[in-house]
Amino acid sequence: MKIAAIDIGSNAARLLINEVFEDEKKPAEFVKMNLLRIPLRLGMDVFSTGKIGEEREDMTLKTMKIFSDLMKIYKVDHFRACATSAMRDAKNGKEILKKVKKESGINIEIISGDEEAGLVFENHIAENLDQKTSYLYIDVGGGSTEITFFENGKMVFEKSFNIGTIRLLNDLVTKEMWMEMKDEICKNIKSEKPINAIGSGGNINKIFSMSKTKEGKPMATSYLKNYYTELSDLSVQARMKKFNFREDRADVIVPALKIFNNVMQWAKINKIYVPKISVADGLIKNIYSEVSKKNSIIL
């Protein structure tokens, strides 16, 4: 079975295609066939003007046509497409999605921040880790940050905040927004057990790779603090040159580190697992679960 997930975020759009191998004697195996990332950066328009401009609208339409063609080439059986923070906030978001449906055949759902947090949780990473520890999922995107608290084998709290890397770049995050996040975390992220974080998003994946931490091992928060200090002192061009970043990574990685550092400080966390999960991965798991219940989405 081949399943595809499309995640249209505030910074980039992603198409993930997995093949699922089923075996009655063990859990299904998900094998990545392709992952395509296009830096649409919809949030650059939406968070400053309230809508998606003509150039990025055209990029979105062309990207979805390419995604549609790729799914046909790979003979995808089931797919789901979701858009998050930027499309949620865009005044012309629904109008653009109608054009996407007409021109590419792809029906894109605009999902809430809580649904987005739930999709990251669909990866069920915490269930395979030490149960003597509680876990806080932290997913940092361009337009929002989703946190999900996992304790004693179940999810006990989830919340989405309109604090993201693109919003920070455009000075659109107020002190009040930071205080709301801090208050929610201090009030709800508590446990008698130690708490570790599970980070997702392109920025934390990049930092994890730079830290040389072994796969499957947690990264100390000191790495995040040190990289934040070092990268903050460099211009975007200097970051690109020194660390071989793409431009669309070099500008957002510092705001991402600021968010991770704040969340982990407020939750009193000093270790973070970075298992390379995403909203798209969660979508794949969600689709498979639904198909398994006979609620199929036919391409």
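In the predicted model, strand E7 is largely enclosed by the rest of the structure, because seven of its seven residues are buried. The enclosure applies to both faces of strand E7. Thr145, Ile147, Phe149 and Glu151 are buried on one side, and Glu146, Thr148 and Phe150 are buried on the other. In a regular strand the side chains alternate between the two faces of the sheet. The buried residues of E7 thus include Glu146 and Glu151 alongside Ile147, Phe149 and Phe150.

Strand E7 belongs to an open sheet of six strands, arranged in the order E8-E7-E6-E9-E11-E10 with mixed pairing. The edges of this sheet are formed by strand E8 (154-161) and strand E10 (219-220), each of which pairs on one side only. Strands of a sheet pair through backbone hydrogen bonds, in either a parallel or an antiparallel sense. Both senses are represented here, as the sheet is of mixed pairing. Strand E6 (residues 134-140) runs parallel to strand E9 (residues 195-200), and six bridges join the two. Within this pairing, Ser134 has Ile195 of E9 as its bridge partner.

On the E7 side, E6 pairs in the antiparallel sense, again over six bridges. Asp139 is bridged to Glu146 of E7, and Glu146 is one of the buried residues of that strand. The connection from E6 to E7 is a hairpin of four residues. Strand E7 in turn pairs with the edge strand E8 in the antiparallel sense, through seven bridges. Here the bridge partner of Glu151 is Lys154 of E8. Glu151 itself is buried.

The hairpin of E7 and E8 has two residues between the strands, and Asn152 in this hairpin adopts a positive phi near 55 degrees. Asn152 lies in the loop that follows strand E7 (145-151) and leads to E8. With a relative accessibility of 53%, Asn152 counts as exposed, because the limit for that class is over 50%. The C-alpha atom of Asn152 is separated by 6.9 Å from that of Gln131, although the two residues are 21 apart along the chain.

Positive phi values also occur in other loops of the model. Lys75, which is not a glycine, has a positive phi of about 55 degrees. Lys75 is located in the loop between helix H2 (54-73) and strand E4 (78-83), and its relative accessible area of 61% makes it exposed. Asp171 likewise has a positive phi, near 55 degrees, in a residue other than glycine. Asp171 is placed in the loop that connects helix H6 (165-169) with helix H7 (175-188). The relative accessible area of Asp171 is 69%, and this residue is exposed.

Two packed helices are described by the angle between their axes and the distance between the axes. For helix H8 (residues 202-211) and helix H12 (residues 253-266), the axes come within 9 Å and cross at roughly 90 degrees. Helix H8 is therefore roughly perpendicular to helix H12. On the H8 side, the contact is made by Asn203, Ile204, Lys206 and Ile207. Helix H12 contributes Ile253, Ala256, Leu257 and Phe260. By residue class, this contact of H8 with H12 comprises six nonpolar residues, one polar residue and one charged residue.

Aromatic side chains were also examined, and four aromatic pairs were counted. Phe30 and Tyr288 form an edge-to-face pair, with 5.4 Å from centre to centre and 85 degrees between the planes. This pair links distant parts of the chain, since Phe30 in strand E3 (residues 26-38) and Tyr288 in helix H13 (residues 279-292) are 258 residues apart. Phe30 is partly exposed at 25% relative accessibility, whereas Tyr288 is buried at 16%. A further pair, formed by Phe243 and Phe245, is stacked, with 5.5 Å from centre to centre and 20 degrees between the planes. Phe245 has a relative accessible area of 5% and is therefore buried.

Notes
Residues are numbered from 1 along each chain as its sequence is written. This is a predicted model: local features need pLDDT of at least 70, side-chain atom pairs count only at pLDDT 80 or more; totals for chains, interfaces and linings use all residues. Side-chain values use heavy atoms; hydrogens and water are left out. Two strands pair if DSSP finds at least two bridges between them. Axes are lines fitted to C-alpha atoms, for helices over the stretch in contact, and angles run from 0 to 180 degrees between N-to-C directions. Angles under 35 degrees count as roughly parallel, over 145 as roughly antiparallel, 65 to 115 as roughly perpendicular and the rest as oblique. Contact means heavy atoms within 4.5 Å. Ala, Val, Leu, Ile, Met, Phe, Trp, Tyr, Cys and Pro count as nonpolar, Asp, Glu, Lys and Arg as charged, and the others, Gly among them, as polar. Rings of Phe, Tyr and Trp (its six-membered ring) pair if their centres lie within 6.5 Å; planes under 30 degrees apart count as stacked, over 60 as edge-to-face and the rest as tilted. Buried means under 20% relative accessible area, exposed over 50%, partly exposed in between (1.4 Å probe, protein chains only).
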